[in-house]
Amino acid sequence: EVQLQASGGGSVQAGGSLRLSCVTSGFTFDNYVIAWYRQAPGKEREGVSSISSDDGILSTRYAASVQGRFTISSDNAKKTVYLQMNNLKPEDTAVYYCAVDLTGSSWLFTLNSRGISSAYWGQGTQVTVSS
């Protein structure tokens, strides 16, 4: 059974940092697409960052709004994907979700909203950034 558990959220002041974790199980951690999406109150779910593994060869992608501030990474031994968030801004406030797509579709990797329906989703973790 595919499972994902997001954690690491919290409350920080603008300019602060958080590291989110997505612990996974139920699939082989060498061929996947895992993405972080976020949803703020009154807004649609938005792709933030993604990482894909092709037999251990990694590719990453970032939304323009977080480029240069966020870094996605993975730890094969722990079967975990991380999102390091630096220089946080109030507009980063949202519930952050991790998702995995094992179908070979490109939608999730490109952070398109069409990737949402074909993915497995974990529980969200709240990130609150105050000014």
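Leaving aside its neighbours within four places in sequence, with which residues is Gln13 in contact?

## Gln13 and strand S2

In this predicted model, Gln13 is in contact with Val129 and Ser130 once neighbours within four places in sequence are left aside. Gln13 belongs to strand S2, which covers residues 10-13, and its relative accessibility is 61%, so this residue counts as exposed, the cut-off being over 50%. A separation in space can also be given for this position: the C-alpha atoms of Gln13 and Asn31 are separated by 37 Å, although the two residues are 18 apart along the chain.

## Overall architecture

The chain contains eleven strands and zero helices, and its pattern, read along the sequence, is accordingly β-β-β-β-β-β-β-β-β-β-β. Its C-alpha trace spans about 40 × 30 × 25 Å along the principal axes. For 131 residues, a compact globule would be expected to have a radius of gyration near 14 Å, and the chain, with 14 Å, agrees with that expectation.

Of the contacts between residues at least 6 apart in sequence, 60% join residues that are at least 24 apart. Buried residues account for 41% of the 131 residues, while the chain exposes about 6,600 Å², of which carbon and sulfur atoms supply 44%. With regard to charge, the chain carries 10 positive and 10 negative charges, and the mean positions of these two sets are 7 Å apart.

## The surroundings of Asp92

Asp92 is located in the loop that runs between strand S8 (80-85) and strand S9 (94-101). Is this residue buried or exposed? Its relative accessible area is 0%, and because buried means under 20%, Asp92 counts as buried. The side chain of Asp92 makes a polar contact with the side chain of Arg69, at 2.7 Å. Apart from neighbours within four places in sequence, the residues in contact with Asp92 are Arg38, Val66, Arg69, Phe70, Val127 and Val129, so that Arg69 appears both in this set of contacts and as the partner in the polar contact. Val129, for its part, is in contact with Asp92 and also with Gln13.

Asp92 can further be related to Ser65, which is 27 residues away in sequence, with a C-alpha to C-alpha distance of 9.0 Å.

## Tyr96 in strand S9

The backbone oxygen of Asp92 lies 2.7 Å from a polar atom of the side chain of Tyr96, and Tyr96 itself is found in strand S9. With a relative accessibility of 0%, Tyr96 counts as buried, as does Asp92 at its relative accessible area of 0%. The backbone oxygen of Asp92 is thus placed beside the Tyr96 side chain at the stated distance of 2.7 Å, whereas the Asp92 side chain makes its polar contact with that of Arg69. Between Tyr96 and Ile72, which are 24 residues apart along the chain, the C-alpha atoms are separated by 13 Å.

## Loop residues with positive phi

Where in the chain is Lys79 found? Lys79 lies in the loop between strand S7 (70-75) and S8, and its phi is near 50°, a positive value in a residue other than glycine. Its relative accessibility is 40%, so Lys79 counts as partly exposed.

Asn87, which is not a glycine either, has a positive phi of about 50°. This residue is placed in the loop between S8 and S9, the loop in which Asp92 is also found. At a relative accessibility of 43%, Asn87 counts as partly exposed, whereas Asp92 is buried.

## Thr28 in the loop between S3 and S4

Thr28 occupies a position in the loop between strand S3 (18-25) and strand S4 (31-39). Its relative accessibility of 53% means that Thr28 counts as exposed, since the cut-off for that class is over 50%. Thr28 and Leu102 are 74 residues apart in sequence, and their C-alpha atoms are 9.8 Å apart in space.

How values were computed: Residues numbered from 1 in each chain as written. Predicted model: local features only at pLDDT ≥ 70, side-chain atom pairs only at ≥ 80, totals over all residues. Heavy atoms only, no water. Helix = DSSP H or I, 4+ residues; strand = E, 2+ residues; numbered from the N terminus. Rg over C-alpha atoms; globule rule 2.2 N^0.38 Å. Buried < 20%, exposed > 50% of the residue type's maximum accessible area, 1.4 Å probe, protein only. Contact = heavy atoms within 4.5 Å. Areas by Shrake-Rupley, 256 points an atom, 1.4 Å probe, with all protein chains shown as cover. Lys, Arg positive; Asp, Glu negative; His and termini not counted. Charge placed at Lys NZ, Arg CZ, Asp CG, Glu CD. Polar contact = N/O pair within 3.5 Å; in protein donor to acceptor, adjacent residues only side chain to side chain.
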